[in-house]
Amino acid sequence: MTSFRWGVLGSGGIAATFTRDLQLTGREVTAVGSRSQGSADAFAERFGIGAAHGSYEALVSDPEVDIVYIATPHPYHAENALLAIAAGKHVLVEKPFTLNAAEAEQVAVAAAEAGVVVLEAMWTRFLPHMARIREIIAAGTLGDVRTVIADHDQKLPSDPNHRLNDPALGGGSLLDLGIYPVSFAVDILGLPERIIAHATLTATGVDRQTALIFEHDGGRQSLLHCALDTRGPVTASIMGTEARIEIDSWWYNPTSFTVIAPDDTVLERYETPDSGVGARGMDFQAAEIERVIAAGESESPLLPLSQTVAIMGVLDAAREQIGLRYPGE
Ligand SMILES: NC(=O)c1ccc[n+]([C@@H]2O[C@H](COP(=O)([O-])OP(=O)(O)OC[C@H]3O[C@@H](n4cnc5c(N)ncnc54)[C@H](OP(=O)(O)O)[C@@H]3O)[C@@H](O)[C@H]2O)c1
């Protein structure tokens, strides 16, 4: 494997989790960048990272960084990605890719013009169980795949100042949690032709819970749900005329699934192999962007930027129906 040097932009929760996975899987994190020197220093010390930058500008200008990983709240993803692209870096951008489709398109255009690889960190796409599911569907085992059902309901902090509840930080369940079932439905059934969205908002004005019905090509359907303050099963099912797949909780993490015939005979039981190093599984998205760069490709066939932009468009359409606009939109 060609070796790449990673730079982490932002020093919060997921930055730490991903950095840990990079290091556990033998990758080199050469730098971290934070809005404050103190946070950069603390993060660098915690993970044994050589360079601690007190600004995002300094991080993206670091010649010892090949790929920048963006781990800031969603409203900052576009400006942070554009900063890294302008510095000639490849970029892995946390989900949701941006706040809306217009921003996503801007980033996609900039990436193409700069000739760098930019990938949405929708890590589920790159997990081994999803690769096996796509094989099973391609082999025709499920027959005509008609329906996807998935939830992503979590019990998260109720503090109104937490980014999840704050409109200024892109709060709400749809963009943070619902993006997983939405991206999953698009992966399995393609982009929806029609969308119905209903939501209940929080006192802070973001979506507390959102229900989505998608109609896809040929009248196929997805039923998706997300919520910020209730713990759901976090399971997913794919129903075809010849069999169904039931993905175990948490379906969007490395997990197991069962392929079941209409008479309930088990056709296959899949268990994700243990990484052996204690990684969460976020390293698979790192492996994919590294593979794309090393192969001289422009984007990942598993999640092309055009699809990332289209998925942001689906979220825009759902937000239009539920009346959720973010400041500045
Ligand atoms: N893939 C996953 O499983 C997963 C899980 C959780 C979150 N995420 C995504 O990752 C992103 C970050 O989420 P998180 O949970 O890591 O958030 P977090 O813990 O709040 O960290 C966000 C970091 O962004 C930086 N930042 C820049 N501008 C900020 C602002 N105005 N307010 C607050 N922080 C700001 C801060 O780093 P500095 O102070 O160092 O600049 C902060 O530590 C979100 O887009 C979220 O959707 C993904």
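# Group meeting: strand E13 and its surroundings

I will start with one residue pair: Ile 245 has Val 259 of E13 as its bridge partner. Before going further, note that this is a predicted model.

That pair belongs to the pairing of strand E12, residues 244-247, with E13, which is antiparallel and runs over four bridges. On to the next strand: E13 also pairs with strand E14, residues 266-271, again in the antiparallel sense, this time over five bridges. Within that pairing, Phe 257 has Tyr 270 of E14 as its bridge partner.

How many residues of strand E13 are buried? The count is five of the five residues, 256-260, so the strand is largely enclosed by the rest of the structure. If you look at the faces one at a time, Ser 256, Thr 258 and Ile 260 are buried on one side, and Phe 257 and Val 259 are buried on the other. Both faces of E13 are therefore covered, with buried here standing for under 20% relative accessible area.

E13 and E14 make a hairpin, with five residues between the two strands. Asp 264 sits in that loop. Its phi is positive, about 75°, although the residue is not a glycine. Buried or exposed, for Asp 264? Asp 264 is exposed, at 51% relative accessible area.

At the other end of E13 is the loop between E12 and E13, and Trp 250 is found there. The peptide bond joining Ser 249 and Trp 250 is cis, with omega about -20°.

Now the whole sheet. There are eight strands in an open sheet, in the order E8-E9-E10-E7-E11-E12-E13-E14, and the pairing is mixed. Strand E8, residues 194-201, and E14 are the edge strands, each pairing on one side only. From one strand to the next the twist averages 10°.

At the E8 edge, eight bridges join E8 to strand E9, residues 207-216, and the two run antiparallel. In that pair, Ile 195 stands opposite Phe 214 of E9. Helix H9, residues 305-322, lies across E8 and E9, and runs at about 55° to E8.

One more loop from the sheet: Val 234 is found between strand E10, residues 220-227, and strand E11, residues 236-240. Val 234 is another residue other than glycine with a positive phi, near 55°. Where Asp 264 is exposed, Val 234 is buried, with a relative accessible area of 0%.

For the annotation, UniProt places a "domain: GFO/IDH/MocA-like oxidoreductase" feature at residues 131-246, in an unreviewed entry. In the model, that stretch is 22% helix and 37% strand, and its end C-alpha atoms are 15 Å apart.

Next, Tyr 180, which is found in helix H7, residues 173-189. Tyr 180 is buried, with a relative accessible area of 7%. Which residues does it contact, leaving aside neighbours within four places in sequence? Tyr 180 is in contact with Lys 95, Met 122, Trp 123, Thr 124, His 152, Trp 251 and Tyr 252. Gly 12 is 168 residues away from Tyr 180 along the chain, and their C-alpha atoms are separated by 20 Å.

Lys 95 leads to another cis peptide bond: it is joined to Pro 96 with omega about -15°. Pro 96 is in the loop between E5 and H5, and Thr 98 is found in the loop between E5 and helix H5, residues 101-114. The relative accessible area of Thr 98 is 0%, so it is buried. A polar atom of its side chain lies 3.3 Å from the backbone nitrogen of Ala 104. Beyond four places in sequence, the contacts of Thr 98 include His 74, His 77, Val 107 and Met 312.

Last, helix H8, residues 283-294. It has 12 residues and reaches 16 Å from first to last C-alpha, close to the 16 Å expected. Its buried residues include Ala 286, Ile 289, Val 292 and Ile 293, but also Asp 283, Glu 288 and Glu 290. What do the buried residues of H8 pack against? They pack against strand E1 (5-9), helix H1 (13-24), strand E4 (67-70), strand E5 (90-94) and strand E6 (118-121). After H8 comes Gly 296, which has a positive phi, near 75°.

Methods. Residues numbered from 1 in each chain as written. Predicted model: local features only at pLDDT ≥ 70, side-chain atom pairs only at ≥ 80, totals over all residues. Heavy atoms only, no water. Buried < 20%, exposed > 50% of the residue type's maximum accessible area, 1.4 Å probe, protein only. Pairing = 2+ DSSP bridges. UniProt positions renumbered as here; feature names shortened; annotations may be inferred. Contact = heavy atoms within 4.5 Å. Axes fitted to C-alpha atoms, helices over the stretch in contact; angles between N-to-C directions. Expected span 1.5 Å × (residues − 1). Polar contact = N/O pair within 3.5 Å; in protein donor to acceptor, adjacent residues only side chain to side chain.
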